[in-house]
Amino acid sequence: MLCAISGETPQAPVASRKSGNVFEKRLIEAYIAENGRDPVTDEELSTDDLVELKASRIVRPRPPTLTSIPSLLAVFQNEWDALALESYTLRQQLTQTRQELSTALYQHDAAVRVIARLSRERDEAREALSGISVHRAPATNGDAMQVDSPGLSSELIANVEATQGRLSKTRRKRPVPADWITADGLNTFAPAERSETTCTNARSLAVNASCDTLLLGSSGGKVDVYSISERGITEELKVGPAQVTDTLWIGTKAVASTSTGDVKIFESGQEIASFSGHAGEATAVASHPSGDILASVGVDKSYIFYDLTSNTIASQTLTDSALTVAAFHPDGHLFAAGGVDGQIKLFDVKTGTNAANFESTGPVEAISFSENGTWLASAAKGSTSVSVWDLRKAAVIHTIDIASPILAVQWEYTGQFLAIAGPSGLVVQHYSKSTKEWSEPLKNAVPSLAVGWGLNASSIYCLDAAGLITTLTPQ
């Protein structure tokens, strides 16, 4: 008989009632005291489950402790027994660890395969969504969307083509009006007056075509109409509990986008149309040069074109990123939308196809087309510089750093002057066509969330965080 633990002949053999294995009594008792289990089968085991086996042996006298060779041998035997127990335990733990490692490696391999499959399916879904056009039927009360619409109607496409043909022919030959402000005149600009009434929590500013009325959007669910001649707010347009994210004028019509995705149109103080095409916040609106098409962009990664002749949604197109700002090309054939992915996306208005993408340094905060038809100014969120893009070269041709964060950029009608606004002040850059050089005729510490040009660029309107309007004119 051999001990199942030490592998040697036991001096005091005992057998387990449960497993039938033979052990050295002192070894198995020590193991049970420490673990309470059978070392071979790992079943629960107590000393009561041990049966002593009788075997003939010679009774040896008890030797004095550590005073003779036999006593030393006994000590060595005890040490050997402890070592045998430890070695056996380590072998068990090693076997268990190997099994656990094998299971973990299998689970990791399975997880990697699942992640790869889900990533592939996600990319395929995104690619499929990016090519979907969405069309909505005429109405303002929540009609259902139709997917895969053909885009703009033939009437709107003809309108876009006619507008482009009319404007592109005269753009480069268009002279600067005789009474337009000059760079020397801008040098004398200074704050002339500040409004006494405030637009609480104002977020946007729009100047109408006659430059005598401002539209101020606020986070309080209303749009204020500010009269420049009367130097105060003359009317409030209610848009509901939602925050106003952007405003603009289209002739005599006031347009506002909201944080709930609604786009509302007012005329003579009355709401004449309301659209709910965005699944989430509508972040910006833009007007086509013809005045018959309105555009909005939103965090749902889509842009929507509205037919203002019938007050209907003309088309809705999904992109690959949440959109923050929008603008139409001065000729009306291109539509630009800036996204949180740092891209400025250019789309063909007639077909909705992506014509080009410009990479910004971060989420796009502001964009503005120059009236020369070839330049686009843009600023990224938190950036201190403005990039001027040449649409023909698809590259940045000039960078303007004002050493403070930028919130708005705005070209004026002739394309000579670019207003750059931020919480630290207002800067105006001038491009001279004759010398082909840039200069800075105006730099003022008027804090501005939004900026707009006045009649003949002879004044500049700045909206600050307190909701006050500061007017800069020649002094």
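This is a short tour of a predicted model, with a few selections to make in your viewer.

**Stop one: a helix and its greasy patch**

Start by selecting residues 69–130, which make up helix α2. Now pick out Ile69, Leu72, Leu73, Val75 and Phe76 and turn on their side chains: together they form a nonpolar patch on the surface, with about 480 Å² of accessible area. Click on Val75, which sits in α2. Val75 is partly exposed, at a relative accessible area of 32%.

**Stop two: an open sheet**

Next, select 202–207 for β7 and 232–238 for β10. These are the edge strands of an open sheet of four strands, running in the order β7-β8-β9-β10. Each edge strand pairs on one side only, and the pairing in this sheet is antiparallel. Look across the strands and you'll find a twist that averages 25° from one strand to the next.

Zoom in on β9, residues 222–227. Strands β9 and β10 pair over six bridges, in the antiparallel sense. What stands opposite Val225 in β10? Select Glu235 and you have the partner.

**Stop three: the cysteines**

Colour the cysteines and go to Cys211. This residue is buried, with a relative accessible area of 16%. Why no bond here for the sulfur of Cys211? The closest cysteine sulfur belongs to Cys462 and is 14 Å away, so the pair is too far apart for a bond. A disulfide would need the two sulfurs within 2.5 Å, and by that rule the count comes to zero disulfides.

Finish at Cys3, which is also buried, with a relative accessible area of 4%.

Key:
Residues numbered from 1 in each chain as written. Predicted model: local features only at pLDDT ≥ 70, side-chain atom pairs only at ≥ 80, totals over all residues. Heavy atoms only, no water. Patch = residues over 30% accessible without salt bridge, like charges linked within 9 Å, V, L, I, M, F, W, Y side chains within 5 Å. Areas by Shrake-Rupley, 256 points an atom, 1.4 Å probe, with all protein chains shown as cover. Salt bridge = Lys/Arg side-chain N within 4 Å of Asp/Glu carboxyl O. Helix = DSSP H or I, 4+ residues; strand = E, 2+ residues; numbered from the N terminus. Buried < 20%, exposed > 50% of the residue type's maximum accessible area, 1.4 Å probe, protein only. Pairing = 2+ DSSP bridges. Axes fitted to C-alpha atoms, helices over the stretch in contact; angles between N-to-C directions.
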